[in-house]
Amino acid sequence: MKKKVLLMGASGSGKTSMRSLIFSNNPASLTSRLGATIDVEQNHVRFLGDLILNLWDCGGQDSFMDSYLTTQRSTIFQQVGVMIYVFDIESAEAEKDMEYYRDCLDGLRYYSPDAAIFLLLHKMDLVREPQQLLEKKRLELEEASGDVAISVFGTTIFDQTLYKAWSSIVHTLIPNAGILSKHLSIFAQACGATEVILFERTTFLVIATSSSGSGVASSAVPTYAKDGSDHQLESTRYERTSELVKAFKYTCSRVREEFHTFEVDLPDFSAVLDELTRNTYVLVILHDPTIETAAVKLNIRLARSKFE
Ligand code: GTP
């Protein structure tokens, strides 16, 4: 199964940087060395075994943009699964960026009316009051998009926000995400876990979780706090984990070690991160001190064939 993903936006907005962070495991500090993308750089990224992301990183210089919107219009905008449009939040040419966005939206509506649209307000690390600005820009973008459904995220390559946005993007491309969640809930119950999270192996983007995603442990999942209360789980925990594990993997690669598995065993909680299938990793979070992590690892091994 092949899905075309368009990555568009003005030159210098940060498209290639985010691609290299998410798909090539490069650190943010190396992105300043990237050159401008010439025309379209196409990449095929294998995701979850049989899903292939056909990533079109479209260089954002005006001459290229003009050509996408005229002579290359049908080639660019046909059969698109997702368009990701990146806006530099500090852009000095916000008007022009919006014009190009509207033109791209027209092209997409004509050739791929069913495509999902994600708008990333990028380089949020450079602004002082990110939340206020994000809301203001969101309203502007909603107005510019008319009746087209859009998802807006504030992102930066320097924190977990990029993983949150991209997890949401790939989630729209995974056909059986709902079923995976159901299976993870069953697995969480079998392990006595507070929560179970499934990550894609190379990108470490979140594919599915066992809980409802409300930020509080799902009532369907048993929790075992010593005082009997529910655990208040951080709402940013998924993307934080993606970011931390990616950084850890990068560190491992620098000392020529390969990352395989990870285990934490503390008085308050324990966690096991292990390979589940060829393309996924699973993170099991426990708050029951009587459950041994070795038992969880055994359960993961036994569950492998069910998830392959
Ligand atoms: P074209 O290839 O010309 O279309 O540009 P692009 O959109 O691919 O931009 P690119 O990824 O090459 O990034 C341009 C510059 O922005 C680089 O120097 C990056 O280091 C920087 N950059 C990317 N993301 C961020 C971010 O989140 N915050 C900050 N401060 N800088 C960023």
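This is a short chat about the ligand site and one sheet of a predicted model.

User: Hi! I'm new to this one. Which residues come nearest to the ligand?

Analyst: Welcome! Ser11, Thr16, Ser17, Thr37 and Gly60 come nearest, out of 21 residues around the ligand. Keep in mind that the model is predicted.

User: What classes of residue make up that shell around the ligand?

Analyst: There are 13 polar residues, five nonpolar ones and three charged ones.

User: And which helix gives the most to the shell?

Analyst: That is helix α1, residues 15-24, which gives three residues.

User: How far is an oxygen atom of the ligand from the side chain of Thr16?

Analyst: An oxygen atom of the ligand lies 2.7 Å from an N or O atom in the Thr16 side chain. For Ser17, an N or O atom of the side chain is 2.6 Å from a ligand oxygen. Gly14 takes part through its backbone: a polar atom there is 3.0 Å from an oxygen atom of the ligand.

User: How much of the ligand does the protein bury?

Analyst: The protein buries 86% of the 660 Å² that the ligand exposes when taken alone.

User: Nice. Let's switch to the sheet. What is the order of its strands?

Analyst: The order is β8-β7-β11-β10-β9, five strands in an open sheet with antiparallel pairing.

User: Which ones are the edge strands?

Analyst: Those are β8 (206-209) and β9, and each of them pairs on one side only. On average, neighbouring strands of this sheet are turned by 20 degrees against each other, ignoring direction.

User: Does anything pack on it? I mean, which helix, and what does it touch?

Analyst: Helix α8, residues 237-254, packs on the sheet and touches β7 (195-200), β8, β9, β10 and β11. The direction of α8 makes about 50 degrees with that of β7.

User: Back to the edge at β9. How many bridges join β9 to β10?

Analyst: Four bridges join β9 (residues 262-265) to β10 (residues 270-277), and the two strands run antiparallel. They form a hairpin, with four residues between them. Across this pair, Asp265 of β9 stands opposite Ser270 in β10.

User: And how many bridges join β10 to β11?

Analyst: Seven bridges link β10 to β11 (residues 280-286), again with the strands running antiparallel. One example: Glu275 has Tyr281 in β11 as its bridge partner.

User: What do strands of a sheet pair through, in general?

Analyst: Strands of a sheet pair through hydrogen bonds of the backbone, in either a parallel or an antiparallel way.

Definitions and conventions. Residues are numbered from 1 along each chain as its sequence is written. This is a predicted model: local features need pLDDT of at least 70, side-chain atom pairs count only at pLDDT 80 or more; totals for chains, interfaces and linings use all residues. Side-chain values use heavy atoms; hydrogens and water are left out. Two strands pair if DSSP finds at least two bridges between them. A residue is near a molecule or strand if one of its heavy atoms lies within 4 Å of it. A polar contact is a pair of N or O atoms within 3.5 Å; within protein, one must be able to donate a hydrogen and the other to accept it, and residues adjacent in sequence count only if both atoms are side-chain atoms. Accessible areas come from the Shrake-Rupley method with a 1.4 Å probe; for residues, only the protein chains shown count as cover. Ala, Val, Leu, Ile, Met, Phe, Trp, Tyr, Cys and Pro count as nonpolar, Asp, Glu, Lys and Arg as charged, and the others, Gly among them, as polar. Axes are lines fitted to C-alpha atoms, for helices over the stretch in contact, and angles run from 0 to 180 degrees between N-to-C directions. Contact means heavy atoms within 4.5 Å.
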